[in-house]
Amino acid sequence: MGKSPAEPTMTFARVDQVRAVAVPLVLFVLAGLLATGPWPFVSPVAPATLVPVWATDPTPVRRPTLKPEIQLAGFTYRCSDCHRLFPSPAETTRSLTQHAHIVLKHGINTRCFNCHHLTNRDVYVDDWGREIPADQPQLVCAKCHGPVYRDWLHGSHGRSDGYWDTMRGPQARRKCIECHDPHQPPFPPMPPAPPPNTLRMGGQTRREDEHRAEDPLRIYRRMLAPDQGDDASISDDYRAMSAEVDP
Amino acid sequence: MNETQPGQGGRAGDGGPQLTRRGFLRKGAAAVGGAAAVAAAVSPLRDLPGDDLPTFEKFFQRHYKEMTPAEKEAVLRRVEREVKEREGVEVRVGDPPPLTGVEFVYALNISRCIGCRKCVHACVKENNLSRSPEIQYIRVLKMEKGSIDLETSDHHYDPPVVPEHDSYYMPVQCHQCKKPPCVKACPVEATWQEPDGITVIDYDWCIGCRYCEAACPYWARRFNFAAPEVPAGQLNPDMGYLSNRPRAKGVMEKCTYCLHRTRRGRMPACVEVCPTGSRKFGNVLDPDSEVSYILRQKRVFILKEEVGTVPRFFYYFDERGSRYHEPIAPVEPGTADGEAGT
């Protein structure tokens with residue numbers, strides 16, 4: 001009712017005028033935003049991990065001289081220099097007065113003269129009391145550790161440094177005491193080098209990162225202790241992790 | 001308001017489109033704005049580094065296997081020149097051929113590995129792997145003793161010292177399979193198996209489709225999602241065309257048993273750095289080699305043997321109880337083991 005025919009034309013004109021201003025305006029604002037880059041690109045990649053120098057150092061963990069020598073107050077003495085003058089008793093169960101820094105943790109091997117020669121302290125001793133030169137310590141170890149010595153001879157145990165192709169370069173097979181302390185033979189524990197961070201782009205929890213929701217041995221544990229449920233078989237580590245996720 | 005609307009450009013006229021001044025200005029402003037927006041949208045191209053666009057000789061370079069010796073020599077010099085321009089470091093890019101009568105095999109003693117990850121970082125340094133984003137060829141999996149369940153393994157472990165009492169460690173890297181599924185998957189033959197058993201990639205031929213990564217059952221292939229970043233001072237100048245020369249963004253890479261070293265008789269970097277001597281490398285065709293002894297005499301385990309890839313990478317064990325310092329079955333009261341045992 002009372003609607004004049006001019007009104008729609010009027011509306012079209014308004015819309016057209018607004019559009020005529022708005023379209024270039026929006027485009028120019030867009031151009032300005034894109035050109036100035038108000039949202040700088042932030043890489044989701046983690047920065048490089050700092051790797052300590054020892055992590056890539058190929059030198060063996062121990063560097064024994066393989067000589068019957070001792071360093072005291074800046075001087076180097078042969079073992080026999082003292083032991084020629086001061087013979088020690090054959091039985092060494094009493095506490096040491098010299099070499100007190102040596103901690104002997106070699107299983108049931110608790111006697112010095114199982115390995116060291118009783119009269120000639122510059123050499124080691126074999127099972128028949130004969131001398132083993134100081135630069136051949138593997139023959140001492142072989143007295144007890146037969147299978148390991150066999151594997152070491154064939155290269156399955158221990159480090160082989162240098163060239164795999166001995167026609168092209170030298171190969172050095174590291175001797176027992178270049179990794180093992182003869183008085184405390186287990187290979188020394190060491191801190192691990194940095195773990196990978198590739199997929200750690202922030203915000204990931206341990207639970208999401210590792211598929212460790214279940215104890216891999218739970219079936220066997222349940223077989224061994226059938227009255228206990230799954231919960232009892234989950235170790236403390238897993239229990240702590242599930243506590244993090246399920247409050 | 002029945003008069004003609006002068007500002008409406010083409011719509012106003014009763015006899016077809018007419019161009020008025022106002023209409024021209026409006027459309028012109030919209031067109032200029034649109035052009036400016038498009039120009040601004042593509043403006044990041046200004047920051048495109050020059051070496052992101054291939055040069056003529058790089059674009060028309062032939063496949064590694066089709067190159068003549070002269071062409072190959074020219075390509076090696078080109079790579080040296082590019083590294084010199086980009087990093088300012090003098091490098092030697094070689095291409096040692098496979099040795100006749102040699103088939104490389106790797107053996108790894110799981111009884112002795114302590115999980116120190118020195119192999120991982122020695123490999124990164126030797127092979128000029130990207131530090132950020134981080135690319136590493138070796139993953140050291142930590143697993144609970146008594147199981148070999150890869151699904152529950154953990155390669156992010158970071159205790160104060162290793163080895164941990166209840167865990168063992170299994171480093172995984174490219175197994176250099178005799179039947180490599182990655183080579184079958186490649187649509188452009190950018191990766192192939194060399195006569196000495198090493199599967200290599202021509203980084204200049206790879207199109208970055210990542211099919212090989214999906215095909216590998218050992219997760220041994222890595223993709224350069226971004227341009228690899230190696231600090232200039234840490235670049236290893238001893239390079240091989242098929243191994244550790246700088247890679248570009250968008251190509252695959254993988255362990256090559258350090259072929260620029262091993263084809264010259266040296267040990268791979270991971271073997272050289274291993275403090276425990278758990279890693280063994282050599283020629284399986286030589287009956288006197290260390291790996292031949294291990295394969296004949298030791299108890300050997302093949303990872304995912306059932307997938308039929310016939311790897312050249314073997315895990316082996318020592319005799320039970322040969323680690324005298326460790327009790328065979330450690331049982332502590334209060335733990336799940338202790339409860340189960342009583």
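The exercises below work through a predicted two-chain model, with a solution after each task.

Residues are numbered from 1 along each chain as its sequence is written, and chains are lettered from A, with ligands numbered from 1, in the order in which they are written. Because the model is predicted, local features need pLDDT of at least 70 and side-chain atom pairs count only at pLDDT 80 or more, whereas totals for chains, interfaces and linings use all residues.

**Exercise 1. Confidence in chain B**

Determine what the mean pLDDT of chain B is, and where the pLDDT stays under 50.

Solution. Begin with the scale: pLDDT is the predictor's confidence in each residue, from 0 to 100. The mean for chain B is 87, and 88% of its residues reach 70 or more. Next, look at the weak stretches, counting two residues as in contact if their C-beta atoms, placed from the backbone, lie within 7 Å. Residues 1-10 of chain B stay under 50, and the model has 21 contacts for them beyond four places in sequence. The pLDDT is also below 50 over residues 336-342 of chain B, a stretch with twelve contacts beyond near neighbours in sequence. Finally, the model scores ipTM 0.80 and pTM 0.78.

**Exercise 2. The strand S2(B)**

Work out which strands pair with S2(B), and in which sense.

Solution. Helices (H or I, at least four residues) and strands (E, at least two) are DSSP runs, numbered from the N terminus, and two strands pair if DSSP finds at least two bridges between them. On this basis S2(B) pairs with S10(B) in the antiparallel sense over five bridges, with Phe104(B) standing opposite Asn283(B). S2(B) also pairs with S12(B), here in the parallel sense over four bridges, and Ala107(B) stands opposite Phe314(B). For burial, call a residue buried if 20 or more other C-beta atoms lie within 10 Å of its own, exposed if 12 or fewer, and partly exposed in between, with C-beta atoms placed from the backbone. By that count six of the six residues of S2(B) are buried. Phe104(B), Tyr106(B) and Leu108(B) point one way, while Val105(B), Ala107(B) and Asn109(B) point the other way. In a regular strand the side chains alternate between the two faces of the sheet.

**Exercise 3. The helix H4(B) and the core**

Explain why helix H4 of chain B is largely enclosed by the rest of the structure.

Solution. Eight of the nine residues of H4(B), residues 118-126, are buried, so the helix is largely enclosed. Among the buried residues are Cys119(B), His121(B) and Glu126(B). Their cover includes strand S3 (139-144), strand S4 (167-172), helix H8 (269-273) and strand S10 (279-283) of chain B. Just after H4(B), Asn128(B) takes a positive phi of about 55°.

Now turn to the nonpolar core, a set of buried Ala, Val, Leu, Ile, Met, Phe, Trp, Tyr and Cys residues joined through C-beta atoms within 7 Å. The largest has 63 residues, of which Tyr106(B), Ala107(B), Cys119(B), Cys123(B) and Cys270(B) touch the most other members. Elements that each supply at least two residues of this core include S2, H4 and H8 of chain B.

**Exercise 4. The side of chain A that touches chain B**

Find how many residues of chain A are in contact with chain B, and which element gives the largest share of that side.

Solution. The contact count gives 67 residues of chain A against 70 residues of chain B. On the chain A side, the elements giving two or more residues are helix H1 (6-36), helix H4 (146-154), strand S5 (160-162) and helix H6 (218-224) of chain A. The largest share, 14 residues, comes from H1(A).
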